[in-house]
Amino acid sequence: MDIAYFFKILPHFISALPITLIVIFFSQLFGLLLSIAVTYIQIKSIKVLTPLAHLYISFVRSTPILLQLLLIYYGLPVLLSLFGININFWSKTAFSIVTLVLHNGGFLSEVLRPAYLAVEQGQHEAADSLGFTSFQKLRRIIIPQLLPIALPGLGNGLIYLIHDTSILFVIGVVDVMGVASNLVSSSYGTDQIEVYLAVAFVYWAVTYLSDKGVKRLEKITERYHLENGLKS
Amino acid sequence: MLALKNIRKSFNGTDVLKGISLKVNEGDVVTLIGPSGTGKTTLLRCVNFLEKPDEGEVQFSNFQLNYSHAKKKEILRLRRKSAMVFQQYHLFKNKTAIENVMEAQIVVQKKTKKEAYENSLELLNKVGLVEKKDYYPSQLSGGQQQRISIARALAIKPEILLFDEPTSALDPELVGEVLNVIDQIARTGATILLVTHEMSFAQSISTKVVFMDHGEIVEEGPPSQIFNHSNRLRTKEFLKHFTNNYQKTTSL
């Protein structure tokens, strides 16, 4: 174990960190939006779309993320070219984000849907009986009650997402893991321990910070003294 | 004021309401009584579309609505002129007592926060719970929650108040405080449609009592007729079973 080497390569990872963070940020943001749409489709039992949503969630949850990445990277351009859409100029990062958005959207909808269903029907009826529109009801009553239930699951989803970025080097994205892979191959297979240990520290730090953020959000939403076992 | 015409509703092929017509005049306190599973609550929930009737019409204050093809806007309009008090209170769990009372005034009626707050204080005072205004529902007893939910219903100044077995979920010693509040509201001339199993309360508060059985109205009339001079066997049989547990008191 070469401590000096460990500290020497650490800056390499720090400089690749923005790519990883960008991927995480957009995948989480659009993944969450997608999961909201999928949840909405399922809750409203929209014809045609609901069975498609089930199919999508089942596929995303049942196949490895690495496989999904390869399918998107190699398959999506072919699929879209059938419709005359050319995405060959897309960067590898873009393909990565698309994969993680699709993956995340399926997983998070399985967090949001039960959380939505956990809010008592009576809360809906009370708002309905007073003449709230669906949107007013969601914003003022349902979402504030759903959030504390969903947040731990969403937080776990974020951790998984961060870890899932570690496979993107397979298609050649030079993020933190990509740098590690390059370092290992350029040093003819030596110093692996130092390299991977450094990567582990970077992931640890990112996950730790994001987890702290989620925990803080949980604290904020806990103040509702909910009856259903979530009393602060 | 409120006229229901030929309301029909079935759940999975079972007819729950078999063509009910009912009139509630302004200032009336109409009480629906009858055995459990008769459709009283369903009828009440049909009034404001928490349950969608299969068929029927409603005439309410100055507009008419056909249940089988009601538009979203019409449903909202109907709901904004009525308010419901639920058996299980259903206070908004993420809001304090006073926020519960303020909520619809701000969201639906677009009142300012200040105006809504002052209104709500007054209403909480009316139901005797000003000192609990900053408590969350989970910190209040059932009776207190129900009184708050009555204040919440009153806050939108509904043309009709719908009470769905407001005391059925309460401990016996808490029933009185809620009935007193309802009694007090009835005296102010509010129009009320009430489902209850508190027979002596129904007798004392109602201007009209409606006895329902198997999805139909068996008999309706002033309380004295229904409770003392009914000539229907089914009504008499039902009323034989009730116990007297409402003692009217003058103060809260």
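Select helix 8 of chain A to begin, since helix 8 gives the most to a nonpolar patch, with six residues. Please keep in mind throughout that what you have open is a predicted model.

To see the whole patch, select A:Met1, A:Ile3, A:Phe7, A:Ile193, A:Leu197, A:Phe201, A:Trp204, A:Tyr208 and A:Leu209, which form a nonpolar patch on the surface with about 1,000 Å² of accessible area together. If you color the chain by helix, you will find that helix 1 (3–43) and helix 8 (192–221) of chain A each supply at least two residues of this nonpolar patch. A:Tyr208, one of the patch residues, is found in helix 8 of chain A.

Stay on helix 8 and show the side chains of A:Lys215 and A:Asp211, which meet in a salt bridge with 3.4 Å from N to O. Why are these two residues separated by about one helical turn? The reason is that A:Lys215 and A:Asp211 are four residues apart in helix 8 of chain A. Side chains of opposite charge can pair when their charged atoms come close. Over all chains, the count by the rule used here comes to 18 salt bridges.

Next, zoom out to chain A as a whole, in which there are eight helices and zero strands, so that a cartoon view read along the sequence follows the pattern α-α-α-α-α-α-α-α. Taken along the principal axes, the C-alpha atoms of chain A fill a box of roughly 70 × 50 × 25 Å.

Now bring chain B into view and select the residues on either side of the boundary: 23 residues of chain A are in contact with 28 residues of chain B. The size of an interface is often given as the accessible area lost when the parts come together. Here chain A and chain B bury about 2,400 Å² between them, with 55% of it on carbon and sulfur atoms. Within chain A, the residues to highlight are A:Ser129, A:Leu130 and A:Arg140, which lose the most area to chain B and together account for 26% of what that side buries.

Keep A:Arg140 selected and add B:Glu103, because the two form a salt bridge in which the closest N and O atoms are 2.7 Å apart. Across the interface of chain A and chain B, the rule finds three salt bridges, while the count of residue pairs in polar contact between these chains is nine, both partners being at pLDDT 80 or more.

Finally, select helix 5 (121–129) and helix 6 (134–164) of chain A, each of which supplies at least two residues of the side that touches chain B. Helix 5 of chain A gives the most to that side, with seven residues. Colored by residue class, the side of chain A that touches chain B divides into eight nonpolar, eight polar and seven charged residues.

Key
Residues numbered from 1 in each chain as written. Chains lettered and ligands numbered in written order. Heavy atoms only, no water. Contact = heavy atoms within 4.5 Å. Buried area = accessible area lost by both parts, 1.4 Å probe. Salt bridge = Lys/Arg side-chain N within 4 Å of Asp/Glu carboxyl O. Polar contact = N/O pair within 3.5 Å; in protein donor to acceptor, adjacent residues only side chain to side chain. Nonpolar A, V, L, I, M, F, W, Y, C, P; charged D, E, K, R; others polar. Patch = residues over 30% accessible without salt bridge, like charges linked within 9 Å, V, L, I, M, F, W, Y side chains within 5 Å. Areas by Shrake-Rupley, 256 points an atom, 1.4 Å probe, with all protein chains shown as cover.
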